[in-house]
Amino acid sequence: MMVCFIATLGQILLLGCISFTPANSKTCQIYAAVGESVTLAFNYEGLAKSHTLRWTHDTTIIFLRQQGRVTIGKPEDITTTGSILLKSVKFQSEGTYRGDALHPNGTLAKTWTGQLCVMEKVSKPRLSYICDTNTVNLNCHVSKPQGLFFSWTLDKTTLSSETRQTLSISLSQLKEKSTFSCSVANKVSAESSETIQPICKAHMLCFKPNIVLGVLSGGAVLIFVLLIIITVLCCSYRRTKTKMQLSDKGEFNLLSVNKGEAESITRYENIHNVESCPSPSPQPSPRACYENISKLDVKTETKPPQLSTAAEGQQPSPVPKPRTKNAKTPDI
């Protein structure tokens, strides 16, 4: 909304208009960074010292020059065409600016109105990436990302369709040495990140460090438990095997002794006929008889096997009977 007025200052007639912008309406024509200087271009080539030049910020007059005399503001802030220089702007410098040039008779020669918006410069972004199963996910980190413009470059080629803060690229689309960078900008500044070269392998799973540590810890505990179980089983198996070996060895030794005794007895019976074994009184023990048989076997093996005809026909001599004490002499 614009309001025009006519006023007199002494003998000078003033004509002016003031524009009011609703508080909820903000359409910026000019942007400036905090701390920088900005020039509001008036560009009135026919401006003369006889003209009245006035600049207002919202409803406050910030510069006034009449008949070549400056009463508000600084002369060095105005160019020859009427443009005004705003130095070291702040957020308080935002608002509607208006410039008016009036002829000496008070009629309007030129007017200009514009909305100034003040913003902070963007910070330098930091680029990171995470390898997924078949993709690489990149993130352009920057403080206060609201209202910023993002862009991406792949191998120094701008990806015009990618304007978000994050980027996902299939590993099949990557070359061996593909490089990425991201840029962030607003109306007053722009910054780019460092170039990085993601190193990912296809079908490689990437997990968070805490997940990896948890899996490794669980695996280590499982391996330790398995080692304990294997050790116990080996010791039990070795103990059982030792007992079985000792049992088999005892049975084998007992079988060998029994077999040897049986073979000796059988051989003796076949050669000497066990019935001819003398039985003196008192009767000898079986062990003594067996020892005599063994001695005979040894002697038989040492002697030649040929026997004379006489020896073969000779009967064994009778065993004399033992004498008894106090024996009586038989009568003749």
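Modeller: One definition up front. Buried means under 20% relative accessible area, exposed means over 50%, and partly exposed is in between. Keep in mind that this is a predicted model.

Colleague: Fine. Is Ser 50 buried, partly exposed or exposed?

Modeller: Ser 50 has a relative accessible area of 37%, between the two cut-offs, so it is partly exposed.

Colleague: Where does Ser 50 sit?

Modeller: In the loop between strand E4 (38-40) and E5. Leu 102 is 52 residues away from Ser 50 in sequence, yet their C-alpha atoms are 9.0 Å apart in space.

Colleague: On to E5. Which strand do the five bridges join it to?

Modeller: Strand E6 (residues 60-66). Strand E5 covers residues 52-57, and the two run antiparallel. In that pairing, Leu 53 stands opposite Arg 65 in E6.

Colleague: What is the strand order in the six-strand sheet?

Modeller: E3-E10-E9-E5-E6-E7. The sheet is open and its pairing is mixed. Strand E3 (30-33) and strand E7 (69-72) are the edges, each pairing on one side only. Neighbouring strands are turned by 20° against each other on average, ignoring direction.

Colleague: What about phi in the loop between E5 and E6?

Modeller: Look at Asp 58, which lies in that loop. Its phi is near 55°, so positive in a residue that is not glycine. Most residues other than glycine have a negative phi.

Colleague: And the loop between E6 and E7, which residue is found there?

Modeller: Gln 67 is found there. Gln 67 also has a positive phi, about 50°, without being a glycine.

Colleague: Are Asp 58 and Gln 67 buried or exposed?

Modeller: Asp 58 is partly exposed, at 37% relative accessibility. Gln 67 is at 61%, over the 50% cut-off, so it counts as exposed.

Colleague: Switching to rings. How many aromatic pairs are there?

Modeller: Three, from a search of the whole structure. One of the pairs is Phe 42 with Tyr 44, with 6.4 Å centre to centre and 90° between the planes, which is edge-to-face.

Colleague: Why call that edge-to-face?

Modeller: Because planes over 60 degrees apart count as edge-to-face, and these are at 90°.

Colleague: Which residues do the ring pairs link into a cluster?

Modeller: Phe 42, Tyr 44, Trp 55 and Trp 112. Phe 42 is buried, because its relative accessibility is 2%, under the 20% cut-off. Tyr 44 is at 15%, so it is buried too.

Colleague: What lies over the face of Phe 42?

Modeller: Lys 110, at 5.7 Å from the ring centre.

Colleague: Now the other sheet. What order do E11, E12 and E15 take?

Modeller: E11-E12-E15, open, with antiparallel pairing. Strand E11 (126-131) and strand E15 (166-170) are at the edges with a single partner strand each, so one side of each has no neighbour in the sheet. The twist from one strand to the next averages 20°.

Colleague: How many bridges pair E12 with E15?

Modeller: Five, in the antiparallel sense, with strand E12 at residues 135-141. Among the bridge partners, Asn 139 has Thr 166 in E15. Asn 137 has Ser 168 in E15.

Colleague: Which side chains of E15 are buried?

Modeller: Leu 167 and Ile 169, which point to one face. Thr 166, Ser 168 and Ser 170 point to the other face and are not buried. In a regular strand the side chains alternate between the two faces of the sheet.

How values were computed
Residues are numbered from 1 along each chain as its sequence is written. This is a predicted model: local features need pLDDT of at least 70, side-chain atom pairs count only at pLDDT 80 or more; totals for chains, interfaces and linings use all residues. Side-chain values use heavy atoms; hydrogens and water are left out. Two strands pair if DSSP finds at least two bridges between them. Helices (H or I, at least four residues) and strands (E, at least two) are DSSP runs, numbered from the N terminus. Axes are lines fitted to C-alpha atoms, for helices over the stretch in contact, and angles run from 0 to 180 degrees between N-to-C directions. Buried means under 20% relative accessible area, exposed over 50%, partly exposed in between (1.4 Å probe, protein chains only). Rings of Phe, Tyr and Trp (its six-membered ring) pair if their centres lie within 6.5 Å; planes under 30 degrees apart count as stacked, over 60 as edge-to-face and the rest as tilted. A charge sits over a ring if NZ of Lys or CZ of Arg is within 6 Å of the ring centre and within 35 degrees of the ring normal.
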